[in-house]
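Visitor: I am new to this structure and would rather know one part well than many parts slightly. Please pick a single chain and go through it closely.

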Amino acid sequence: MRLARGSSDIVDEVSFTLDRGEILGLVGESGSGKTTVALALMGHTRSGLAIGGGRVMFAGRDLLSVGQRELRALRGARIAYVAQDPTSALTPTLKIRRQLREVFATHGTERLGGISAERRTAELLSEVGLDRVPRVLDVLPHQLSGGQQQRVILAMAFACRPDLIILDEPTTGLDVTTQRQVLDAIRTLCDSYKVAAVYVSHDLAVVSELADRVGVMYAGRIVEHGATQSVFKAPGHPYTRALLRAIPSPTRAHVLVGLEGQPPRPGHRPVGCSFAERCEFAIEACRAEMPKAGSLGRERHWARCIRSTEIVGLPPLAELPERQLRAEAADGDPVSLLQVKALSAAYGAKPILRDVSFEVKPRSCLAIVGESGAGKTTLARCIVGLHAGWQGTITFNGTPVAPDRRDRGRDIPQRLQYIFQNPYTALNPRKTVGQLVEQPLRELFSLSRQERARKVTEALDAASLSQRYAPLYPDQLSGGERQRVAIARALVVEPELLVCDEITSALDVSVQAAIVELLDDLKRTRGVSLILITHNLALVRSLADDILILRDGVMVEHSPTVLDQPQAQYTADLLRNVPDLPVAS
Amino acid sequence: MNAAVAVPSRAARLRAFERQHPVLRLVAVRVLTGVVTLWLVSVVVFAATQALPGNAAYAVLGRSATPARLHAYERLLHLNRPLIDQYGSWIGGVLGGHFGTSLANNESVSALIGPRVVNSAVLVALSGVISVLIAVTLGILTAAKRDTWFDHSASVVALAVIALPEFVVALALVILFAVLVLHALPAVSAIPPGSYPWQNLNELILPVATLVIVIGPYTFRITRGAMIDALESDHVEMARLKGLSSRRILLVHAFPSALPAVIQVIGLSLLYLAGGIVVVEYVFDYPGLGAALVDAVANRDIPTIQFLVLTLATFYVVVNIATDVIALLASPRRRAAS
Amino acid sequence: MTFSWEWLSLLARAARTRRGQIGLVVTGLVVLVAAVGPFVAPFPSTVSQTSPFASPSGTYPLGSDVIGRDVLSRVLAGGWLLLGVAAASTLIGVGVGLLIGLFAAYRGGVVDALVMRIVDVFLAFPPLVFALLLVSVLGSHVWLILVAVAVSHAPQVARVVRAAALDVSARDFVRAVELLGTPSRRVMTGEILPNLLSVVMVELGLRFTFAILLIASLSFLSFGIQPPAADWGLMINENRIGLTVNPWGVLLPVILIAVLTVGLNTFTDAIARTSLGLERSTERLDLVASGIASEPAL
C-alpha cells in the first residue's frame, strides 16, 4: 500500500495480513504514518492525501477499488473504527442514544440475531462498562468523562459485531486507571466476538500487553514485524532496539538512551534506509538502497535491515547500566532548599489542594505524581508564583516567599525557574532562540552584551544545543528541540531549583529519553534540584530520589520507596495499572 | 434567628434559580447589559446633537441665524436649560412615546416616521430572509463540493461582490434593469403614502436585490468556512467511518457544528442592513427610515435625527442580544462552559 | 525588533501569491489614476466647459457632466482625497482600536469589562448612521469625516484585537516572561503585540476597504466631500439624472470604486491566507476577521 500527498510519499510499501481474532499492534512515533495507514485500511484518506497504489483485501474484496456505496456498507458494520481523541470524535450536538442508534439504522441491523435494538444497546453498554452510568443515553457527549466517551465509541464500534476493528491510539490522554479499564474492555470484546483488530499506538508497553503481533513503523514504512514477544525480546531492527532503550520502565531504573536527530520528512526521504542517518549500526551499504524485508526465522518475524541477523542477537537492555538514585540524596545536606508546609489552594471557591507539605533537598529530585485533577499543576504554579490563591507557607532557602510573583522581587525568579508542559506554547514564536534564552538575563541582571552572549552560549550548550540554533525561530524546531530551548532559558540564570511540569508529555519517547538524561545530568554536574511533576510512574523510576503521590489535592503517600513498597492502596493500584514491556520483567 | 435559618434568603433562592436555569440567567444578564448599552447610546445621541459646543440651534439655522430666530429655536429645543434637565425631558419624552416635533414641517415625529418603520421593516426582513436562504444553501453545497468548479466560481463571485458599496450595486442594477439595458423595473420605489410595500412588489425587487447582493456573499463565505471546518472535524470523520450517508453526515453531523457561526453571521448581516438601508432607500427613493434620516440630516431636523438614530441603535442592540443567545443555545459545549 | 520588518515580509509573501498579485495590480491601477490624475487632467475639474451632459467628443472624450464640466478631468481629479482620507482614518482607527483591544485583553477583569461596554455602545451605531449624526450637527468637513470613520473603525478593531490578544495572553510564553517580573507594558509590546501582526495587517486591509465604502457613500449622499470639488462618490450622485444622456459621469466612477474595493479586498484576502500559513484551508479567515472564531495558533 502506498499513500501520497502531491508527489511525496507519506506511506510506502506497507504490507501485512491479519487473521480472524488476531490483534496487530502498529507502533511508531509521531509522523511515522501509522494513523494514515489505519485510516487507509477503511478506504479513507484525509483531505490532501491520495492512495497511490496497493490493495487492502478484506474477506476477498479490495477495499481500495470498491465503490463508495459498498465501502459505506462495510464501514461501521464489518470494519469499525475507534478514534484517538474521544472528546472530538463524538458529535457534540447529538445525544449518545442517537449516535449509537444511527449505526443500527444505517446498516439495517436493528434486529441483529433476533434481539431488538433496545436490548442490543443495553447489552453493548454493559459490555463496555457503561451500564452503571445513569441516563448515559440521554446526555450529550460533553457531559461524560474522557474514559466514558471512549467507551461509547467502543460500543458504537462493536454495535454491528464487526469482523475487523481499527483502534487509533484509543487510550492516549486517559489516566492509567481509565486506560487499564478501556484496554480490558477492548480485549474482552475482541476475544468474545473473535474480532480481528489493528491497534495503532506510540506506546510500546500498551501494545506489548494487547497485541499478538506488532509492526514497527518508521518514516512511512514498516521496518520490523513479528510476534510481540519475539520483536520486543530480540528486536532485529536498530530502530526498534533504540525505542526499547528509550522507554523508562516502572520496575527498573536503567539509564535511558535517547535518539538523536529526526526522521526524514515526506518528500525528503533518502534513497537508502530512512533510518541510516540516526543509526549506530549504519554502514555504507545502508545508504545505497532501501533494505528488503529480511526474515529472522521465527513466527513471521522480519526486519528491513541488512544487519538484522547481527542485531537480533544483541540483548537490547541488559547492557544499560542501572541508575543509582537516592544514595547521594540521603547523605546530602540536611538543610532543605524548598519547604512547603500545610499548603492549601483554591480556584475561586473550588478547593484544589489541601494541606500539602514536603521539602526538597539540595541536589535532589522530587517527583510529584498524580492523575489528572490531582492538583499537581496548581501545586507547581503556587510554588513559582503563578497562582496566588493559597494558604500555608512556602520557604525557599529559609525565607518565606510571597504568594504573588509580583511581590517576589528578582531574587526568587533567578533561583527558582519553571519549565512549562507544552514546548509549543512556551516559546514566543516571534523571537529567535538566542533572544529567548537571553531574555531572562536582560530582565534579571545588568550585564554587558558580551557577557550575555557568553552565558547564552553556555546555557545552549548545557541544554545540548549548539550555537547554530541561536538565530532560528521556534517554528523551525522540533518539539524536543523546543523543550531544550525552554530548558536553556531556565538554565541561563543558573537557578538552584527547576520546577518541571510534565515537560516530556508532549514529546516522543526517544526525545523524552534524551530530556530525562539531560535533567539527570544537570542534577549531577550542576547540582540543580528538580521538582518533576508527572503522571508517568515509569519516568519517576528513572529520575526521582523522592516521591510524593497526590490524589484529588491530598497527599496519599510521600517517601523515597513508594514504587517498591507502596503503603497506600491507591499507589498499589496505580502501579499495577501501568503497562510494562515484557523485556524488562 | 431561627426563622432566618429556616427560610432561605431571597439571594439564596435566586442563586438556586440561576443554577437550575442557566440559559434564563444568561438572557437576563444580556438583556440587562443591553438596556445599559441603550441608555449610554441615548446619552451619546443626546450629547452629539444637543450638547456639542457648536450650539444645535446655530447648526440648524446656519448662516440665516438672527438673534430672534436663534432664541426661538433654543426654546423649542430647550437649549436654554441645564444639560441634565434637557436630557431628562428628552429621554422622558422618548420613554413616554413622545419623540418631539419635527423641525422640518412641525408634525410630530411619530406621525411622520410611523408608516416608514413598516416600509423599512419589510425591506430588511425580505432582504434578510432571501439572502440567508440563498447564501446558507450555497455555503453548505460549496463546502460539500469543495474544490470543484462550482465551489471555485461561487467563491470568486463572492470575493468580487463582497466589497462593493451599496450604491454601486444599486446603480448597476438600475442601469441593467431599469434605465439603459432593460426597462423592466422601476428605477424609483416611491411606495405611495397609505399603501404597503407588499402591494407594490414590483417596486421592492430592485432595493431587495441590492441588499441581498450586498450582504449575501458575506453570509455565504462564513457558512462555507464554518461548514468546511465542521466537515474536517474528527467527529465528521468518525461519522464517515461509521458508514453513514453523505446527506446524513452533512445535515445531522456537520451542519449543527457550523450553526453557531451561521447564526452569528446572520446577526451581523441584519446589523449591516441597519446601515445599508440608508443608502439603498435614498437611491431608490424608498420611503423608509433610511431615506428619512438622509432628509432629516439635510434639513438638520434634530428631533427626527435623534429618534431615527435611537431606533436604529435599538435594532442593533436587540439583534445583537438575540444573536448571542441563539448562537449560545446552538452550541452545547459553550452553553455548558458559560 | 523583529516587529518592524516582519510586516514587510508578510506583505511581500502575500504579494507573491496569485490572489495577491491580482489584488495588487488592480488596486495599483486605481491608486495610480487617483495619484497621477490631478496632474494630467486636461481641464480644470471645477469649471464648466460646455453644455450639460454633452456626449463624448474629441475635446471631451467622456463628455460633460450635470453642469458641463469635463467628466474625464473630474474623474482624474476625484480620487486622491477619497484615498487620502480613507488611509488616514484607517491608520488612526486601527491604531486606536489596537491599543484599546490589547490593553483590555491583557488587563482583564474590571478594566476589560468597562472598556468593552464602552466599545459596545459605539458598536451600536451603524457606521454610516454615526457619521450622519456627526455631520448633521457639525456640518460636512473633511476632518469630521476622517474622525467619524476613525471612530467607527476603532471599536470594531478593538473587538477583533481583544479576541486575538486574549488568545495570545493565555499562552505559556507570556507566563514565562511575567515570571521574570517584566512590567506589563513591556509584556504587551514585546510579547503580545508581535503575535498580533497578522490580525492587524488583515484588519488594516479590511478597514481600508470599508473606509472607502463609507466615505464614498457619504459623498454619494452629498454629506461627504462637498461640491464643487471633484469626487467619485459625489459625481455618481450629481450625474444620476443624466444617466440616459451621458452615462459616463456615473459609469466611470462606479467602475473605479468597484475595481478599487474588489482589488483591495482580494489583496487583504491574500494577506490573510498568507498569514494563516497555508494557501489552502483558510476558510477560517472570514470567521476570524468577523470575530466569530479566534485566530488559530500561530
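Guide: What follows is a close look at chain A, taking its strands, its domains and its contact with another chain in turn.

This is a predicted model, in which local features need pLDDT of at least 70 and side-chain atom pairs count only at pLDDT 80 or more, while totals for chains, interfaces and linings use all residues; side-chain values use heavy atoms, with hydrogens and water left out. Residues are numbered from 1 along each chain as its sequence is written, and chains are lettered from A and ligands numbered from 1 in the order in which they are written.

The strands come first. Helices (H or I, at least four residues) and strands (E, at least two) are DSSP runs, numbered from the N terminus. Two strands count as paired if DSSP finds at least two bridges between them.

Chain A has an open sheet of 8 strands, ordered E7-E8-E9-E3-E10-E11-E13-E12, and its pairing is mixed. Strand E7 (79-82) and strand E12 (294-295) each have a single partner strand and stand at the edges, so one side of each is left without a neighbour in the sheet. Within the order given above, E10 is followed by E11. Strand E10 (residues 213-218) and strand E11 (residues 221-227) of chain A run antiparallel, joined by 6 bridges. On this pair, A:Tyr218 stands opposite A:Arg221 in E11(A). As general background, side chains in a regular strand alternate between the two faces of the sheet.

Further along chain A is strand E14 (residues 338-347), which pairs with strand E15 (residues 350-360) in the antiparallel sense over 7 bridges. One position to look at is A:Gln339, whose bridge partner in E15(A) is A:Glu359. E14(A) and E15(A) make a hairpin with 2 residues between the strands, and there A:Gly348 takes a positive phi near 60 degrees.

E14(A) also pairs with strand E17 (residues 390-396) of chain A, again antiparallel, over 6 bridges. Here A:Lys341 stands opposite A:Thr393 in E17(A). E17(A) in turn runs antiparallel to strand E18 (residues 399-400) of chain A, with 2 bridges joining them. The bridge partner of A:Phe396 in E18(A) is A:Thr399. E17(A) and E18(A) form another hairpin, with 2 residues between them, and A:Asn397 in its turn has a positive phi of about 55 degrees.

Now the domains. Domain bounds come from an automatic or database domain assignment, and for chain A it gives domain 1 (232-322) and domain 2 (327-577). Their C-alpha centres lie 32 Å apart. Where the two are in contact (heavy atoms within 4.5 Å), domain 1 of chain A gives 18 residues and domain 2 of chain A gives 14 residues.

The size of an interface is often given as the accessible area lost when the parts come together. Buried area here is the accessible area (1.4 Å probe) that two parts lose on being put together, summed over both. Between domain 1 and domain 2 of chain A it is about 1200 Å², with 64% from carbon and sulfur atoms. In domain 1 of chain A, the residues that lose the most area to domain 2 of chain A are A:Pro248, A:Pro250 and A:Leu256, together 39% of what that side buries.

Across this interface there are 0 salt bridges, a salt bridge being a side-chain nitrogen of Lys or Arg within 4 Å of a carboxyl oxygen of Asp or Glu. There are 3 residue pairs in polar contact, both residues at pLDDT 80 or more. A polar contact is a pair of N or O atoms within 3.5 Å; within protein, one must be able to donate a hydrogen and the other to accept it, and residues adjacent in sequence count only if both atoms are side-chain atoms. The side of domain 1 of chain A that touches domain 2 of chain A has 10 nonpolar, 5 polar and 3 charged residues. Ala, Val, Leu, Ile, Met, Phe, Trp, Tyr, Cys and Pro count as nonpolar, Asp, Glu, Lys and Arg as charged, and the others, Gly among them, as polar.

Last comes the contact with chain B, which takes 30 residues from chain A and 22 residues from chain B. The two chains bury about 2200 Å² between them, 57% of it on carbon and sulfur atoms. The rule finds 2 salt bridges across this interface. One of them joins A:Glu102 and B:Lys242, whose closest N and O atoms are 2.8 Å apart. Residue pairs in polar contact between chain B and chain A number 10, both residues at pLDDT 80 or more. On the side of chain B that touches chain A, helix H11 (234-241), helix H12 (246-284) and helix H15 (332-337) of chain B each supply at least two residues. That side divides into 8 nonpolar, 6 polar and 8 charged residues.
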